[in-house]
Amino acid sequence: MKSWIREIRTSLRATAALVVLLCGLYPLAVWGPAQILFPAKANGSLLVRDGKVVGSELIGQGFTGAGYFHPRPSAAGGGYDALASGGSNLGPLSKDLIESVRGRAAAYRAENGLEPGAAVPADAVTASGSGLDPHISLQNAGLQTPRVARARGLTEAAVRELIGSLAEGRDLGIFGEARVNVLKLNLTLDEKRDGGR
Amino acid sequence: MNIPGWIQLVLFLGVLCLLTKPVGLLLSRVLDPEGRTPFDPVLKPIERLLYRLLGVDPKAEQTWKQYAFSLFAFSLVGLLFTYAVLRLQHILPLNPQKLGPVPPDLAFNTAVSFSTNTNWQNYAGESTLSYFSQMVGLAFHNFASAAAGIAVAAALVRGIARRSAKTLGSFWADLVRVNLYLLLPICLVLSLVLVSQGVIQNFQPARQAALIEPAGTVATQTIPQGPAASQIAIKMLGTNGGGFFNANAAHPYENPTPFSNFLQMLAIFLIPAGLTYYLGTSVKNRRHGWAVWTAMAVLFLAGVFVCWRAESVGNPRLTALGLDSAGGNMEGKEVRFGIFNSSLFATVTTDASCGAVNAMHDSFTPLGGLVPLFNMQLGEVVFGGVGAGLYGILVFVVLAVFLTGLMVGRTPEYLGKKIEGYDVKVAVLTLLILIFSILGFAAWGAVSRPGLAGLGNKGPHGLSEILYAFSSATGNNGSAFGGLSGNSPWYNVTLGLAMFLGRFFMIVPVLALAGSLGRKKLLPPSEASFPVGGTMFIIILIGTIVIVGALTYLPALALGPIVEHFTMSGSALVY
């Protein structure tokens, strides 16, 4: 009985001491340098236009207009709800999944003037894991280019150049996949238009 | 399966191999109460202060029973502490979103989940937990349960290395030293590197962003914030896996770049790999340590190949709809990670008992999803959880030595210690507890109404979801086939029990084994001693692990992912 009490007492003290160190001092020791060295990133990589926060570079947003590049389908809440991150979690034989993809592929072909049955990039019609994926593949962006150019009265070459300037390769040339950030792409397109307005 | 993927795989395993020795050497010093580390000038005073606060003498060694008792008492106090924090979060500080208290069954499940190093999450972090609950209630266990796991592994290694010894070290000294000299320094550096990639670390309330293109009535996007980086570093390094956000490491704030992804995968395997080296140096047989490492690496690569291949081929049902077949199965995956890094992460996180995910395993192809499931059912001994991986594979080593002993008709012997009836019984006991918990609870779930009510997918995939949940909980992994709605009283309680069984009913027999091995005399090596360093040993060890796993789980897997695979490729059925 005595040893019970002793162990519990030591456990209580250990918990209290470690909480102060690991849950108080440690996060603050990360927070301080992070705020000094990487303030923009530590605070969410927010994008500001005309003094207003319009989103985060890392968090995708929904776009449906013809003049904007469209992100991937999203299963986060009603779509790109940053308070409800997550995937569809539909299995490979799910009727919901297969029917949704069928519908999205048809819509993608229609919007972008592709032949019926033309190959559609996988990322364009599948939902991401986070539901907030900020990127699309370069293939996907390329297929959307004629539509965006037409809607904005730009040449396809100009839009392609813009994609090229914002495209991200593999990190350090090795890690991950090539991609382009949809929100940054659309913001830059808007800036071009507003610049000429 | 493209060339960039191969390069990344070679790089990953190569860097892990290079880091194994330095981490192993650091571990040897940390786990020796007298050992010197590079951090002594700064941290030694804190260590002394902690011993004074705890009122323990770090040199006072404990028997296996005392060691187990201290660990259990500490875990129990931590569990109750976290339960209290979650229930009271509405009156505690750092709650800018004004979130209410966590309901009792969910708080129970979450407290058990984090104190057992599982981090199964029946909640979504961004909409359920305050910054205080995350930073204090949960991150405490990310450190403490990781340190406790490493402590148990150290106790077992001491049992193997010592002779005619009654004690296995001091739990309190191990706990303090692992936290101070191993986890804390690495986490400080890793956190800051993660912030440099875009992981957030702040205490601001959620930000409102005015949408560029408002959709109907929705004109703003609410973007959650919080002290994520400090928690994500330890969640990976401590193989905990509990995400700050619901989407875990798929969330761009948790894992913003492929480079952060690489570091996080490396952090998962770092300590488990180093522990094999620690085993080698402690028992004065480095070849044994590397043989264990190699067996793990072989099983790891086998998993990666199957998963990567299955995900690259993709879902033929979707390819039939005109999807570019080069894209692979992208449902539930992020563009920046693509097929390869999602498959690699899924294999790493379930080889270890981490459970963080950067892609939704529920949407993997049947064989792609089989890999993480089977990894967990093998007992997460492929590098494995911090500490848990090493003590898990050492149980298999004891069994492998026993089996070879039977084959040649000699008393089995492991590093000069006779393996006797008692040792084999406790080793088998750990396996049986896992098996009963996984298959027992899954069988109950598959035939009970509350079990079936949680399913997110029908058909064989539904069985996979239940099987995955109890494999994950029992294995203290924490990843999920996320379509399953686990936040119901039935799942909260059964999964909580599975996590508890999988942790403590594993640790107690392991410590008993450590105590028994420690008491034994050392036999002089003879011609007939079984060498635990060469290719033959590696093959036998892998064989033991795979055969035990296959015999136990193949029947259940045949009804889940395997039948689903053939349904997918050979029929037009949908569910």
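Here is a walk through a predicted model, from the outline of one chain down to a few single residues.

First, some ground rules. Residues are numbered from 1 along each chain as its sequence is written, while chains are lettered from A, and ligands numbered from 1, in the order in which they are written. Because the model is predicted, local features need pLDDT of at least 70 and side-chain atom pairs count only at pLDDT 80 or more, though totals for chains, interfaces and linings use all residues; side-chain values use heavy atoms, with hydrogens and water left out.

Let's start with chain A. Its secondary structure comes to seven helices and four strands. These are DSSP runs numbered from the N terminus: H or I of at least four residues for a helix, E of at least two for a strand. Reading from the N terminus on, you meet the elements in the order α-α-β-β-α-α-β-α-α-β-α. Chain A has a radius of gyration of 23 Å, well over the 16 Å that the globule rule gives for 197 residues, so it is more spread out than a compact globule. That radius is taken over C-alpha atoms, and the rule is 2.2 Å times the number of residues to the power 0.38. Along its principal axes, the C-alpha trace of chain A spans about 80 × 45 × 35 Å.

How is chain A divided up? The domain assignment gives domain 1 (2–40) and domain 2 (44–196), with bounds that come from an automatic or database assignment. Taken over C-alpha atoms, the centres of these two domains of chain A are 42 Å apart. Of the 197 residues of chain A, 51% count as buried, meaning under 20% relative accessible area (exposed is over 50%, partly exposed is in between, with a 1.4 Å probe and protein chains only).

Now for the inside. In soluble globular proteins, nonpolar side chains tend to be buried together. Here, the largest nonpolar core has 175 residues, and B:Leu183, B:Phe300 and B:Phe383 touch the most other members. A nonpolar core is a set of buried Ala, Val, Leu, Ile, Met, Phe, Trp, Tyr and Cys residues joined through side-chain atoms within 4.5 Å. Helix H6 (residues 131–161) of chain B supplies the largest share of this core, 19 residues. The core also draws at least three residues from each of domain 1 (2–40) and domain 2 (44–196) of chain A. Take B:Leu183: leaving aside neighbours within four places in sequence, its contacts (heavy atoms within 4.5 Å) include B:Phe143, B:Val178 and B:Ile271. Apart from this core lies another, of 27 residues, among them B:Ala442 and B:Leu557.

Next, try finding B:Asn202, in the loop between helix H7 (171–197) and strand S1 (207–215) of chain B. At 0% relative accessibility, B:Asn202 counts as buried. What does B:Asn202 touch? Not counting residues up to four places away in sequence, the list includes A:Trp31, A:Gln35 and A:Asn43, along with B:Gln225. A polar atom of the B:Asn202 side chain lies 2.9 Å from the backbone oxygen of A:Ala42, and the side chain of B:Asn202 also reaches the backbone nitrogen of B:Gln204 at 3.1 Å.

A:Arg179 is another one to look up, in the loop between helix H6 (156–166) and strand S4 (180–181) of chain A. A:Arg179 is buried, with a relative accessible area of 2%. A polar atom of its side chain is 2.8 Å from the backbone oxygen of A:Glu177. Its contacts beyond four places in sequence include A:His135 and A:Asp171, and also B:Pro258 and B:Arg336.

What about disulfides? A search of the whole structure finds zero over all chains, a disulfide being a pair of cysteine sulfur atoms within 2.5 Å. Why is B:Cys354 unbonded? The closest cysteine sulfur, in B:Cys187, is 12 Å away from that of B:Cys354, too far for a bond. B:Cys354 is buried, at 0% relative accessible area.

Finally, a backbone oddity. Most residues other than glycine have a negative phi. A:Ser45, however, has a positive phi, near 50 degrees, and sits in the loop between helix H2 (39–42) and strand S1 (46–49) of chain A. B:Glu380 also has a positive phi near 50 degrees, and is found in the loop between helix H13 (366–377) and helix H14 (388–408) of chain B.

Notes: A polar contact is a pair of N or O atoms within 3.5 Å; within protein, one must be able to donate a hydrogen and the other to accept it, and residues adjacent in sequence count only if both atoms are side-chain atoms.
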